[in-house]
Amino acid sequence: MKKLTILFFIHIALVNYSQTRKVFFLSPSDTYIISSDLHIHTVFSDGEVWPSIRIKEARKDSLDLISMTEHLEYLSYKKDVIITDRNRSYNISKAILTKDEPLMIVNGSEITKPMPPGHFNAIFVRDVNPLLNPDGEKSMIEANKQGAFVFWNHPNWVENRDDGIARLDKMHERLLEKKLFHGIEVVNEHTYSEEALALALENNLTIMGTSDIHGLIDWTFDKEKEQHRPVTFILSKNRTIKSIRDALFDQKTFVWHRDMLIGKKENISPVVTENLKISSLGYYKKIVTIKIQNKSVVPFKLRYLGDYTFHSNSSILEIPSRGELLVTIKTKEILSSIEMSFEVLNVITAPNKNLVIKKNINL
Ligand SMILES: [Zn+2]
Ligand SMILES: [Zn+2]
């Protein structure tokens, strides 16, 4: 009887994980879209909560991967919380996770130096303790020795750059030459930096977006106003830590910030194409109705780029998240298929550049 009860509860737990988890996007074939937030603080540096709350928040937000990236050099509560082992935040968190749940965690830390070079996150580290070094470059060398993926945090932070413009100093150029960091935050908490996006593209850095959360996720990103934390989606070959780490080094990411998706064209184009389905509902006279479906979590704002005109809409179309829009097109004669091109106004592939997609539609 006892055994049965336990089995029953295990079963309920499994069902709950799958029932409550959000699917952000349909995945292109052979791709796993891993949802991640890889910049998080707890009371083990200057965050306001215990690691268990971070795990609960990540589960609630249907994340696949997180990292507690506590400041090495900045411990707000050192009079109250005695921290001798810098892996503690990770170890406590890891112990909370159950074997069968989708959420994964990797060990990480924030190397926190004045500008230059500023703050850097090192994730996939084995042991955080040896990273503690007054010389930031030496911390980064140690992180790299451990196989870490290292990224530059908030290069647009006004405390470091009073004009909010992300730019490289000589020191960053040297760190880049030595390949000591591999990614850059284009989105941090509420900010988005076009200059950081340009730096990512010019220097082959992985595009990152993180919450850098210190308080509570739901107070910082108000769900009632349909806000959400920034999420980095990693396009991985499978769900193993090794494959996810490889994908990060291969720059296979895109970021969700507000209603925007930001990423390299080759990463984001297959995802948007997969999530926008267009089908025909047939002709009435010489006017055809098409249905545009959006399977993703993001509303898509489209600008039609072709020569046809529509019977009800302008060339700007908004397809709600997980919704659809019917559009009537005046094709002048009855056709068996048409090609339609759209600029996706809220999908950004470079500064001032939006994704363009082409669809062939059988009418
Ligand atoms: Zn920081
Ligand atoms: Zn931080």
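Student: In strand S6 (residues 149-152), which residues point one way and which the other way, and are they buried or exposed?
Tutor: The model is a predicted one. Within S6, the side chains divide into two pairs that point in opposite ways. A residue counts as buried if 20 or more other C-beta atoms lie within 10 Å of its own. Val150 and Trp152 form one pair, Phe149 and Phe151 point the other way, and all are buried.

Student: Which strand is joined to S6 by four bridges, and which residue there has Phe149 as its bridge partner?
Tutor: The four bridges come from strand S5 (residues 119-123), which runs antiparallel to S6. In this pairing, the residue set against Phe149 is Ile123.

Student: Which residue of strand S7 stands opposite Trp152?
Tutor: Strand S7 (residues 183-188) runs parallel to S6, and two bridges join them. The residue of S7 that stands opposite Trp152 is Ile184.

Student: Why do the buried residues of helix H8 lie on the same side?
Tutor: Helix H8 (residues 241-249) has Ile244, Ala247 and Leu248 buried. They lie on the same side of H8 because the arc they cover around the axis is only 100 degrees.

Student: Which residue just after H8 takes a positive phi, and of about how many degrees?
Tutor: H8 spans residues 241-249. Just after this helix, the residue with a positive phi is Gln251, at about 65 degrees.

Student: What separates the centres of domain 1 and domain 2?
Tutor: The domain assignment places domain 1 at 24-258 and domain 2 at 275-362. Taken over C-alpha atoms, their centres are separated by 36 Å.

Student: Which helix gives the largest share of the side of domain 1 that touches domain 2?
Tutor: Eight residues of domain 1 and seven residues of domain 2 take part in the contact. By class, the domain 1 side has seven nonpolar residues, one charged and no polar. Its largest share, four residues, comes from helix H6 (residues 194-202).

Student: Which are the edge strands of the open sheet with the order S13-S14-S18-S16?
Tutor: This sheet has four strands, with antiparallel pairing. An edge strand pairs on one side only, and this applies to strand S13 (276-284) and strand S16 (309-310).

Student: Which residue of S18 stands opposite Ile287?
Tutor: Strand S14 (residues 287-294) and strand S18 (residues 324-330) run antiparallel and are joined by seven bridges. Opposite Ile287, the residue in S18 is Lys330.

Conventions. Residues are numbered from 1 along each chain as its sequence is written. Chains are lettered from A and ligands numbered from 1 in the order in which they are written. This is a predicted model: local features need pLDDT of at least 70, side-chain atom pairs count only at pLDDT 80 or more; totals for chains, interfaces and linings use all residues. Domain bounds come from an automatic or database domain assignment. Two residues are in contact if their C-beta atoms, placed from the backbone, lie within 7 Å. Ala, Val, Leu, Ile, Met, Phe, Trp, Tyr, Cys and Pro count as nonpolar, Asp, Glu, Lys and Arg as charged, and the others, Gly among them, as polar. Two strands pair if DSSP finds at least two bridges between them. A residue is buried if 20 or more other C-beta atoms lie within 10 Å of its own, exposed if 12 or fewer, and partly exposed in between; C-beta atoms are placed from the backbone. The arc is that of the directions from the helix axis to the C-beta atoms.
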